[in-house]
Every structure is written in structure tokens, then in C-alpha cells.
Amino acid sequence: MRNVRGAWAMAGAQLRKWHQEPVVVQSVRSAAAATVAYVIALRLSPEPAPLTAPLTALLVVQVTLYATLTTGIRRVNSVVAGVVVAIAFSVLVGLTWWSLALLILASLAVGHLVRVSEFVPEVAISAMLVLGVTKVGDTAWARVLETLIGAVVGLGCNLLFAPPVWVGAAGESIGDLARRVRQLMLRMGEEAAGRTPVEHATARLHEARRLDHDIVQVDAALRQAEDSLKLNPRVREGLLHRIVLRTGLDTLEICTVVLRVLARTLTDLAKERDPDPLFEPQVGATLEQLLSEVGDAVVSFAVLVTTDISQNAESAEARLAAELSTAAATRDKLAQLLLEEVQRDARQWQLHGAVLTEVNRILDELDTEHRSRRLLEELDRGTREERERRHHLIRLRRRLRMPRGPRRPRSDRNRPPVSGRSL
């Protein structure tokens, strides 16, 4: 009996996990929207199999409400533009091999003119499909009707069932990036503490360069999360969430760039000192400890920027401040040891100074006061932009609602205005 209850509990937990998984939610919403669009199109479209409607709904129901609005408009524009081009060609030339080539060129040109972005090929596809049928007029307007049905159903699905918020996925991506940065710092510190062959130092440099690709992937996930916060009824402080995540990723991106420069410095130092160790034993051990502490601070910073609850954010900020304080003390110790080593042997003093400068730059970027100033600046800028957009909307609304005065008789319109003195 206990085993059965345990199995049911595990199954329920798994179902709740799937229910909260954005990919599962999006798949169910897309399938439901496509099915509803097909059922409606069967009743309204003259086509026996109106597959354009579910196809449009499937493409319009994007991962966010903001993307659905913008994508739906562009997709409808692309289909209508393709249908208009096809009707014009059917009236003028019909379907031949050379008219098909002209049709594709004209459709792509029209797609760029109407600014449908990624749906430029859809203009040519719609034109070819409509031109290739027998009854051009009926099929053309049926395709437009099906496209409108699919777009309306897709938009309605997102309005009735709010799309998932992708902040969690973006936060996981930021956390994974921070952990990869920490692992690279740990390997660089271990190799700096002993004799480092040039090949190993070069391999660490290649790893640091590959972090650029990880930054691109995290940026894509963050853009998706930012779109999911726009126009979403579930989110109250969307601007704050967007700014916290965006500034956090910007800081991590700067840290990865500085880390790549540090890897370049250690590689040059390995070439200069080969086959000797990079540093003296005590200096190497201190640098290993420092990179380990900085790596821990990078992970704590990622936890801070991806934490929603204020209490957890306060504890994460306190932990980050403590780790930065410990790393600063180790950095001061390393600076003294490097100074003593340079005084004994000044051959690679530029590279030693570069190592210390690059570690300092990472610590400065992770500093909590620096981050607070950056957040305040970005919040002020974002609030100012939203206020300006709202002000423009209010002015437009007032213009639309402004009552017009009585029209003057046509015979009086050309008369000069009468001044007060002439009365």
C-alpha cells in the first residue's frame, strides 16, 4: 500500500513538474491553437482542407505574448502581400517558368518593402501556392481568410491563456555560465601554482574564447525572457526583472572578456618562462587561492541576479560581499608577493602587473556598490523611456478625442481674420 501511495505521489510530482515546464506548456498551447483554428476554418473557408489556418496559428503562437502580437501582424501582412502579387501575375501572364522566376523576385522585393522581417520568404511561398491553382480568385481569398483565422486564434490563445514566463530558463543559463567561468578559473589557478607547459596554457586560452559562444546562447535565452515579461498579465515588475537580468549578464560578459585576457597573459608568461614555473611556489599558491575565491564570487553573483525573493536576495548579497572581501585580502597579499618577486627579478614585470590588473577588474565588476549604481542608472533610464512612451500615447489619445469646432461656411474661409481694433 505504501508503495502504491509513493508511486502516486511521484507521478503527481512529475505531472506538476511538467505542468510548470515552459516547453511542455508551449507545446500544448500550440497544438490547441492549431486544432481550434482548423475547426473554425472548416466552417468558414471554402477549401476542403484549410491547412493554412492551423499552420498560421502554429507559427503565430510564439513563446511570448509580445512576440505573438508582432509576429501575427507580420505574418498576415506577408500572406496578404503574396496573395496580391499572385493575383496580379495571374491576370497579366499566368504560370510559366519565366513568370515563376519573376514572381519570386517580385514577392521577395515586396516582402522587404512591407517590412515583414523573417517572413519575407512567406510572401513568395504564398504567391507560388496561390498562382499554382486553377481558381485563383477563390483560392486567394480563402488563403487570406485562413491566415486571418489562424492569426486571430493564435492571438486569442495567448490572451486567454497567458504564455509561460521564461525568466527561470534565463536564470539557469546565467547560472550555468557562471559555473563554467568558475571551473575555468579553478583550472587556471591549479596550473599557475606549478609548472605549466605552453600547451596547457594555450588550451585554457581556447576555453576562455569558447565562452563567447556561451554568452551568445545565454543572451538569446535572456532576450526570450525579456519578451515574455512584456505585456504579460502575470508579471507586475517586468522592467525591474529585465534590468536585473540584463545588467547581470553584462557584468558576466565583461568578466569573461577579462578572463580571456588573463588567459592570454598566462599563456605569454608560460612562453617567456618555459621550462621554468610561471611563479614562485608561494606566489603560485596565492594566485590559485585568489582565482578560486573569485570563481566562488562569480557564482554567488549569478545567484544574486537570478534570485526573486527579497530575503534570499539579501542573503545572496551578503554572501557575495563576504567572498569579495576575502578575495580582496588575498589580492593584496598577491600584490605584495609580486612586488617582492619583481624586485628580485624584473624580467616579466609587465606580465605580473597585468595578472594583478585583470583580477582587480573582475573584482571591481562584481562589487555590490558598482552593481547598485548600475541598476539605479538603468532603472532611471528605463522609467524615463516608459514615461516618454506613455506621454506620447496620452497626447495621441487626446488628439483623437479632441472635439472639432463648428465648420465655417465655405464663403467665410477665405476672409482675413478681423482684429479687435477694427471693431
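**Briefing: a helical chain and its nonpolar surface patch**

Trp97 is exposed, since its relative accessible area of 73% lies above the 50% cut-off for that class. The model discussed here is a predicted one, and in it Trp97 has its place in helix α5, the element that supplies the largest share of a nonpolar patch on the surface.

**Nonpolar patch**
- Val91, Leu92, Val93, Trp97, Trp98, Leu102 and Leu105 make up this surface patch, and together they offer about 840 Å² of accessible area.
- Two elements, α4 (65-92) and α5 (97-113), each give two or more residues to the patch, with α5 contributing four residues.

**Pro121 and Leu108**
- Pro121 belongs to helix α6, which covers residues 120-131, and with a relative accessibility of 45% Pro121 counts as partly exposed, because that class lies between the limits of 20% and 50%.
- Although 13 residues separate Pro121 from Leu108 in sequence, their C-alpha atoms are 6.6 Å apart in space.

**Chain as a whole**
- The protein chain contains 14 helices and zero strands, so that every element in its pattern, read along the sequence, is an α.
- Of the 423 residues in the protein chain, 41% count as buried, while the accessible surface amounts to about 24600 Å², with 59% of it belonging to carbon and sulfur atoms.
- Among contacts in the protein chain with a separation of 6 or more, 78% are accounted for by residues 24 or more positions apart.

Conventions. Residues numbered from 1 in each chain as written. Predicted model: local features only at pLDDT ≥ 70, side-chain atom pairs only at ≥ 80, totals over all residues. Heavy atoms only, no water. Patch = residues over 30% accessible without salt bridge, like charges linked within 9 Å, V, L, I, M, F, W, Y side chains within 5 Å. Areas by Shrake-Rupley, 256 points an atom, 1.4 Å probe, with all protein chains shown as cover. Salt bridge = Lys/Arg side-chain N within 4 Å of Asp/Glu carboxyl O. Buried < 20%, exposed > 50% of the residue type's maximum accessible area, 1.4 Å probe, protein only. Contact = heavy atoms within 4.5 Å.
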